[in-house]
Amino acid sequence: MIKAVIFDLDGTLLDRDTSLSAFIESQYDRLNEVLKHIPRKQFCDRFIELDAKGYIWKDQVYAQLAKEYAIQGISPEELLKDYLKNFAIHCQPFPHLIAMLEALKRSAFRLGIITNGRGQFQLDNIQALNIASYFDVLLISEWEGLKKPDSAIFQKALEKLGVLAEEAVYIGDHPKNDIQAAKTAGILGIWKRGPFWEPGPSGLSIESLSEIPDLIDKINLLVRPYRPEDLEALVDLFYETVHTVNAAQYKEEQLNAWAPIDEKEERIEKWRDSLGRNVSFVAEQAGKIVGFSDLQKDGYLNRLYVHKDHQRQGIAAALLNAVEKEAEKLALAEITVGASLTAQPFFEKHGYGMMRQQTVVRKGVALINFKMVKTMY
């Protein structure tokens, strides 16, 4: 179970490329009196090239620029001082940064940052992004006396966050310093994809920060065998799902015939027998039941429902995968299902073919569904 999310800073939370471009353009304008003999684009492009994605510290960058362009009237040390003073003003986040952090905090994740760099400089950048308050732990290499990819800095973060390595993920953009280093420390790494490091590491990856909350939910998803004590929660989930999720395709009278509230106790008794007899699975996230499915021994997928608040999070796919693996163990030739109008596209996406449209009559009310089948071998 993931309890903590730890981030790299540059290239992960901070859009360093955009920020650096904005800074160097501003520096050229601000110090134009001593830099105007250098074409603007040439100076800015060469600075970014020498910077090498932040892996060359700026004292060396400015020393090289001063040498190449015979800069007079200002020293490399003064250029560096200007960088340290003014870079934070130009810090720009990647899209969705605040919304992502707020979503993680609402889910009670512990949050941390591990970043290489100068202490005050990196802290100024974090504060410029207005994100310091979201984090429980901030580790900056200069102040810690440790730097990535050393596993010790990851271990220190885990201790401060109060979690085990298997209870944390680390999200970064550098294949070696972030993803491989996290793996060495026993932490699951999630690579933030970017063109500079292509091809990137294998495994989990994201393009946008907005993907992170859902991805961690999927990592935390547990599909387990059904237990008798789950029964009432499953029946409640069924009623809520039918009367909300399926309301887009079925009329109210159809929903009431499909899941009549006044028959809840009777349904509990019927399901007690069938769920116990069938191959039944329950999906949990953070200890909460968010879905269930059950397969009859003849290969009929009897039920597959996902909580109304957890749609489109991969839960149905995880439950279906569990069912199909069990079908393989039972050497079933095929799985059939009566898919609702709501569920038909999902099953089609997962390789179930249409056999026929059919009408089921319940309490004198007609409901359309589809007989679908998937051949197992």
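This is a short walk through some helix contacts, salt bridges and backbone details of the structure shown above, which is a predicted model.

Let me begin with helix packing. Two packed helices are described by the angle between their axes and the distance between the axes, and I will give both values for each of two pairs.

The first pair is helix 4, residues 58-69, and helix 5, residues 76-86, whose axes come within 9 Å and cross at roughly 135°. Helix 4 and helix 5 are therefore oblique to each other, and their crossing is right-handed. On the helix 4 side the contact is made by Lys 58, Asp 59, Tyr 62, Ala 63 and Ala 66, while helix 5 brings Pro 76, Leu 79, Leu 80 and Tyr 83. Sorted by class, the residues of this contact between helix 4 and helix 5 come out as seven nonpolar, no polar and two charged.

The second pair is helix 12 and helix 14, which pack at an angle of about 120° with their axes 10 Å apart. That angle makes helix 12 oblique to helix 14, and here too I can give the hand of the crossing, which is right-handed. From helix 12 the contact takes in Leu 231, Glu 232, Leu 234, Val 235, Asp 236, Phe 238 and Tyr 239, and from helix 14 it takes in Lys 264, Arg 267, Ile 268, Trp 271, Arg 272 and Leu 275. Divided by class, the contact of helix 12 with helix 14 holds eight nonpolar, no polar and five charged residues.

Two of the residues just named, Lys 264 and Asp 236, lead me to the salt bridges, since their side chains meet in one, with 2.3 Å from N to O. Lys 264 lies in helix 14, residues 264-277, and Asp 236 in helix 12, residues 231-244, so this pair ties together parts of the chain that are 28 residues apart in sequence. As for exposure, Lys 264 counts as partly exposed at 27% relative accessibility, and Asp 236 likewise counts as partly exposed, at 31%.

How many salt bridges does the model contain by the rule applied here? The count comes to 28 salt bridges, and I will pick out a few of them. Side chains of opposite charge can pair when their charged atoms come close.

One such pair is Glu 49 with Arg 46, whose side chains meet in a salt bridge at 2.9 Å, N to O. Both sit in helix 3, residues 40-51, and, being three residues apart there, Glu 49 and Arg 46 are separated by about one helical turn. Glu 49 is exposed, because its relative accessible area is 54% and the class begins over 50%.

Another is the salt bridge of Glu 144 with Lys 156, in which the closest N and O atoms are 2.6 Å apart. This pair links distant parts of the chain, with Glu 144 in helix 8, residues 141-144, and Lys 156 in helix 9, residues 151-161, 12 residues apart. Lys 156 has a relative accessible area of 28% and is partly exposed.

There is also a network of salt bridges, which links Asp 8, Lys 148 and Asp 178. Lys 148 deserves a second mention for its backbone, as a cis peptide bond joins Lys 148 and Pro 149, with omega at about 15°. Where does Pro 149 sit? Pro 149 is placed in the loop between helix 8 and helix 9.

Staying with the backbone, I would point to two residues with positive phi. Ala 52 is not a glycine, and yet its phi is positive, at about 50°. Ala 52 is found in the loop between helix 3 and helix 4, and is partly exposed, with a relative accessible area of 30%. His 96, again a residue other than glycine, has a positive phi near 75°. His 96 belongs to the loop between helix 5 and helix 6, and its relative accessible area of 45% makes it partly exposed.

I will end with Ala 283, found in strand 8, residues 279-285. Is Ala 283 buried or exposed? At 0% relative accessibility, Ala 283 counts as buried. Setting aside neighbours within four places in sequence, Ala 283 is in contact with Leu 221, Leu 222, Val 223, Lys 288, Ile 289, Val 290, Gly 291, Ile 315 and Leu 319. With respect to Val 235, Ala 283 is 48 residues away in sequence and 14 Å away in space, C-alpha to C-alpha.

Definitions and conventions: Residues are numbered from 1 along each chain as its sequence is written. This is a predicted model: local features need pLDDT of at least 70, side-chain atom pairs count only at pLDDT 80 or more; totals for chains, interfaces and linings use all residues. Side-chain values use heavy atoms; hydrogens and water are left out. Axes are lines fitted to C-alpha atoms, for helices over the stretch in contact, and angles run from 0 to 180 degrees between N-to-C directions. Helices (H or I, at least four residues) and strands (E, at least two) are DSSP runs, numbered from the N terminus. Angles under 35 degrees count as roughly parallel, over 145 as roughly antiparallel, 65 to 115 as roughly perpendicular and the rest as oblique. A crossing is left-handed if the near helix is turned anticlockwise from the far one by less than a right angle, and right-handed if clockwise. Contact means heavy atoms within 4.5 Å. Ala, Val, Leu, Ile, Met, Phe, Trp, Tyr, Cys and Pro count as nonpolar, Asp, Glu, Lys and Arg as charged, and the others, Gly among them, as polar. A salt bridge is a side-chain nitrogen of Lys or Arg within 4 Å of a carboxyl oxygen of Asp or Glu. Buried means under 20% relative accessible area, exposed over 50%, partly exposed in between (1.4 Å probe, protein chains only).
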